[in-house]
Amino acid sequence: MSIQVRGLTKRFGSFVALDDVDLTVRSGTLTALLGPSGGGKTTLLRVVAGLEQADAGTVVIDDRDATRVPARRRDVGFVFQHYAPFGHLSVARNVAFGLEIRKRPKAEIAARVDELLHLVHLEAFADRLPSELSGGQRQRMALARALAVEPKVLLLDEPFGALDATVRKELRQWLRRLHDEVHVTTVFVTHDQAEALEVADEIVVVNGGRVEQVGTPDEIYDRPANEFVMRFLGPTTALGGGLVRPHDVEVLGSAEPGAVEAEVGSLRRVGFEARLVAHVPGSGDVDVLGSRSDPALRDLRPGDRVWLRAVGPVVDPSPPVPDAEGSEAAAPGEPVGVAASSRAPVRGGVPA
């Protein structure tokens, strides 16, 4: 069941939370809304769910205009970061709640609850109270409850944000496996880059109420649309007038085409990594990240002369070009979903 939003705008007083957002979520995909706090991703999710009303624009779910449809009639399952279960009801009754208020037959409810508890690996906890579960187990119960009514779309608002790092990693791997089994169109909000890159089929980078870029994890990471996406997806360093990822800087022992001369400032071994800082005269320091077994880094000492060359995408941090009326226009051929507000050409073998 696909989701399409067109021209969504939402303001809270003078604050623009969503600014003319267009987005298509393909049916059956697991899509991450990724961005910094306050960027608009949760507002976008809540507008799709019907929990917030947009000031302008449309929401279409499964080819049906849902813009003015109440949340309870959108066939959407929603899981919040801080899930509030019914504390006096067992795990099984929490999962069954949506089916019970819809007055489904008891035998159907029992079968569906049993199926879902097995799916989320909570069958042994059916009779326990939510207070007797761990945080990760409560979130799995929340997902089972959202899936019980067989929604067309599943929306997750930072579902693992309140959990510790180890449990988060386990649950995001579990969410990926769960999605591969149920295939319901799922959109989840996160500000965790690793979570989005590991779990999602497609990532929507949201910032300042606008969509910066839409693509697969590989496309977003390897071909960032602009400086914001490049910086938000991981560490960057300046080389040759552009931005490059430290692990995409090659260290050479002699001058070669495309390489710049530098002097080794420091080299630290951190676990399996080697972290080099080299100074480029007239430019500044360049961070390089490699393996401690890399022969190009292993024997370097402060003061050694090296040459550095980018072997991955280089983003030119150029300011956006305004159109004739002063607003920022998309360049011909610009990827769908890239916000014109912070475009920057991409070099290093990637079309600018």
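Q: Buried means under 20% relative accessible area, exposed over 50% and partly exposed in between, with a 1.4 Å probe and protein chains only. Which residues of α2 are called buried?
A: In this predicted model, the buried residues of α2 are Val 91, Ala 92, Asn 94, Val 95, Ala 96, Gly 98 and Leu 99. Each of them therefore falls under the 20% cut-off. Across the whole protein, buried residues make up 48% of the 352.

Q: How do you know which residues to trust and how to count them?
A: Local features need pLDDT of at least 70 and side-chain atom pairs 80 or more, while totals for chains, interfaces and linings use all residues. Numbering starts from 1 along each chain as its sequence is written, and side-chain values use heavy atoms, leaving out hydrogens and water.

Q: What makes α2 (91-101) a helix?
A: A helix is a DSSP run of H or I with at least four residues, and a strand is a run of E with at least two, both numbered from the N terminus. The run called α2 covers 91-101, so α2 meets the helix minimum. The protein has nine helices and 19 strands. Just after α2, Lys 103 has a positive phi of about 55 degrees.

Q: What do the buried residues of α2 pack against?
A: They pack against α3 (106-119) and α4. Contact here means heavy atoms within 4.5 Å.

Q: Why is one group of 46 residues called a nonpolar core?
A: Such a core is a set of buried Ala, Val, Leu, Ile, Met, Phe, Trp, Tyr and Cys residues joined through side-chain atoms within 4.5 Å. The largest one has 46 residues, with the most contacts inside it made by Val 95, Leu 117 and Ile 203. Val, Leu and Ile are on the list, so these three residues fit the rule. α4 gives the most to this core, seven residues. Another core lies apart from it, with 27 residues that include Leu 18, Val 59, Val 204 and Val 206.

Q: Which residues does Ile 203 touch, leaving aside its neighbours within four places in sequence?
A: Ile 203 is in contact with Ala 32, Leu 34, Ala 196, Leu 197, Gln 213, Val 214, Gly 215, Pro 217 and Ile 220. As for the protein as a whole, among contacts between residues at least 6 apart in sequence, 63% join residues at least 24 apart.

Q: What makes an empty space a cavity rather than a pocket?
A: On a 1 Å grid over the protein atoms alone, a cavity is a set of points where a 1.4 Å probe fits but cannot get out; a pocket is an open set with protein on both sides within 12 Å along at least five of seven lines. Lining residues have an atom within 4 Å of a point. Points join across faces, edges and corners, and volume is the space filled by probe spheres set on them. The structure holds four cavities of 30 Å³ or more. The largest cavity has about 70 Å³, and the largest pocket about 630 Å³.

Q: How do you know which class of residue lines the largest cavity?
A: Ala, Val, Leu, Ile, Met, Phe, Trp, Tyr, Cys and Pro count as nonpolar, Asp, Glu, Lys and Arg as charged, and the others, Gly among them, as polar. The lining consists of Ile 3, Val 5, Leu 23, Val 25, Leu 33, Leu 44, Leu 45, Val 48, Leu 155 and Val 187. Ile, Val and Leu are nonpolar names, so the tally is 10 nonpolar, no polar and no charged. α1 supplies the largest share, three residues.

Q: What lines the second largest cavity?
A: This space of about 50 Å³ is lined by Ile 61, Arg 64, Ala 66, Val 69, Arg 73, Arg 74, Asp 75 and Lys 152. By class that is three nonpolar, no polar and five charged.

Q: Which residues come closest to the centre of the largest pocket?
A: Of its 22 lining residues, they are Val 76, Gly 77, Phe 78, Arg 102 and Val 149. β6 gives the most to this lining, four residues.

Q: Why are β2 (15-25) and β5 (64-65) called edge strands?
A: Two strands pair if DSSP finds at least two bridges between them. The open sheet runs β2-β1-β4-β5 with antiparallel pairing. β2 and β5 each have a single partner, so one side of each has no neighbour in the sheet. Inside the sheet, β1 and β4 share five bridges, so they pass the two-bridge cut-off.
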